[in-house]
Amino acid sequence: MLIVLHHSATAKDVEHIKKTIMGMGLKPVAIPGAERTAIGVIDNQGWVDDILLRGNKAIQEIIHVTKPYKLVSRDFHPKDTVVPLGNKVTVGGASPFLMIGGPCAVESRDQLMKTALHLKKAGVPVLRGGAYKPRTSPHSFQGLREGGLDLLDEVRKETGLLVVTEIVSPEHVELVADKVDILQIGARNMQNFDLLTEVGKTKKPVILKRGLSATVEEWLGSAEYMLVNGNPNVVLCERGIRTFETATRNTADLAIIPLVRKMTHLPIIFDPSHATGKRDLVLPAALAAIVVGAHGIMVEVHPDPERALSDGAQSLHFKEFDTLLAQARSLVAFKKQKLS
Ligand code: PEP
Ligand code: MN
């Protein structure tokens with residue numbers, strides 16, 4: 001339920017309404033807006049009887065929100081959320097278009113540092129790299145795990161870049177949060193609710209990938225877990241979904257980007273690498289995402305993709321990454337936006 005107050009409502013009115021809601025055994029969340037305040041009600045298991053609120057003169061409207069997500073919905077928070085990723089970098093709203101690049105997996109100090117220096121020179125603020133790799137086969141490279149985290153930590157300190165890595169277990173939250181700036185929840189873990197809850201208890205920015213076969217409602221439900229637990233710094237990432245088509249690794253669901261922007265105030269970025277699985281499709285898919293309104297892109301790039309230990313076929317060479325960056329820069333300039 002969402003309670004929209006009149007312009008004239010006072011702080012005393014807000015307190016009174018919050019008390020009434022708590023008296024009903026529910027949790028009020030005040031949502032201050034530029035023009036008027038609203039109060040969201042969470043923790044209800046179904047329809048809420050609003051009889052105790054109906055006569056209140058400070059209330060303009062009571063909206064019964066029946067969606068499985070509330071805090072992430074535009075009904076609750078009409079303005080775009082801007083997520084701070086570090087001291088100087090933000091994503092969402094009118095922030096510069098966000099560029100994230102890096103290898104699928106952290107493989108060695110040399111590989112990570114070479115990539116980081118290339119990104120830094122190109123002005124890209126965020127380096128990606130998986131330390132824990134959830135792989136389809138147990139025989140595939142599983143990541144350097146704690147060793148990979150240490151390398152990410154070392155490289156961010158040396159270069160000043162922000163780093164993002166995937167977290168795969170709720171038990172790892174403290175360890176990973178200490179070594180990187182941004183957490184990533186992968187497609188395969190989008191509905192790992194214990195993981196979402198633990199990450200929600202931190203204030204760390206988190207990139208939430210869309211599950212392999214997740215509907216938008218399921219995806220937003222997962223984001224809701226983190227907001228309900230106290231973390232508002234969630235960035236959605238469309239990375240392609242599983243369809244009948246096998247010519248590309250996944251099917252890039254680009255129309256979902258403008259749709260999601262209508263449904264939620266959270267920023268949404270696009271991962272053209274996993275969405276296509278093919279190096280030569282990464283550039284056109286990335287540009288398409290800019291056109292449809294993504295707030296940023298996350299691209300796999302590797303100093304030697306032919307020898308990459310994971311996702312080499314979709315990883316760009318440095319030169320290809322530079323071409324993508326130049327074209328992205330022109331496109332965002334055309335859209336009168338800046339590139340981070
Ligand atoms: C990744 O970013 O390397 C990754 C494993 O992505 P996803 O979870 O989208 O498959
Ligand atoms: Mn990958």
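Here a trainee and a mentor talk through a predicted model and the terms used to describe it.

Trainee: What should I know before we start?

Mentor: This is a predicted model, in which local features need pLDDT of at least 70, side-chain atom pairs count only at pLDDT 80 or more, and totals for chains, interfaces and linings use all residues. Residues are numbered from 1 along each chain as its sequence is written, chains are lettered from A and ligands numbered from 1 in the order in which they are written, and side-chain values use heavy atoms, with hydrogens and water left out.

Trainee: Which residues are around ligand 1?

Mentor: They are C104, R128, K133, E166, Q184, G186, A187, R188, K209, R239, H274 and E300. A residue is near a molecule if one of its heavy atoms lies within 4 Å of it.

Trainee: How does that shell divide into nonpolar, polar and charged residues?

Mentor: Two are nonpolar, three polar and seven charged. Here Ala, Val, Leu, Ile, Met, Phe, Trp, Tyr, Cys and Pro count as nonpolar, Asp, Glu, Lys and Arg as charged, and the others, Gly among them, as polar.

Trainee: What makes the pair between R128 and ligand 1 a polar contact?

Mentor: A polar contact is a pair of N or O atoms within 3.5 Å; within protein, one must be able to donate a hydrogen and the other to accept it, and residues adjacent in sequence count only if both atoms are side-chain atoms. An N or O atom in the side chain of R128 is 2.8 Å from an oxygen atom of ligand 1, so the pair is within 3.5 Å and counts. For Q184, a polar side-chain atom lies 3.0 Å from a ligand 1 oxygen. With E300, the distance from a side-chain N or O atom to an oxygen of ligand 1 is 3.4 Å. The protein buries 97% of the 300 Å² that ligand 1 exposes when taken alone; such areas come from the Shrake-Rupley method with a 1.4 Å probe, and for residues only the protein chains shown count as cover.

Trainee: Why are four residues called donors of the manganese ion (ligand 2)?

Mentor: Donors are N, O and S atoms within 2.8 Å of the metal (3.2 Å for Na, K and Ca); water is not among the atoms, so sites may look incomplete. C104 (SG), H274 (NE2), E300 (OE) and D311 (OD) lie 2.0 to 2.4 Å from the manganese ion, so they meet the 2.8 Å limit. Along the sequence, these donor residues follow the spacing C-x169-H-x25-E-x10-D. E300 belongs to strand 14 (residues 296-300), while D311 is in the loop between strand 14 and helix 10 (318-334), so the pair ties together parts that are eleven residues apart in sequence. Helices (H or I, at least four residues) and strands (E, at least two) are DSSP runs, numbered from the N terminus.

Trainee: How do you know that D311 is buried?

Mentor: Buried means under 20% relative accessible area, exposed over 50%, and partly exposed in between (1.4 Å probe, protein chains only). D311 has 19% relative accessibility, so it counts as buried. E300 is buried too. D311 also has a positive phi, near 55°, in a residue other than glycine.

Trainee: Why is R145 called partly exposed?

Mentor: Its relative accessibility is 39%, so R145 falls between the two limits. R145 sits in the loop between strand 8 (126-128) and helix 3 (146-159), and has a positive phi of about 55° although it is not a glycine.

Trainee: What makes R239 and E166 buried?

Mentor: R239 has 2% relative accessibility and E166 has 8%, so both are under 20%. R239 is found in the loop between strand 12 (234-238) and helix 7 (256-263), whereas E166 is in strand 9 (residues 162-166).

Trainee: Where is F76, and why is F76 called buried?

Mentor: F76 is in the loop between strand 4 (59-63) and strand 5 (83-84). At 1% relative accessibility, F76 is under the 20% limit and therefore counts as buried. F76 and I39 are 37 residues apart in sequence, with their C-alpha atoms 8.3 Å apart.

Trainee: How is the chain divided into domains?

Mentor: There is domain 1 (2-63) and domain 2 (83-334), with bounds from an automatic or database domain assignment. Their C-alpha centres lie 37 Å apart.
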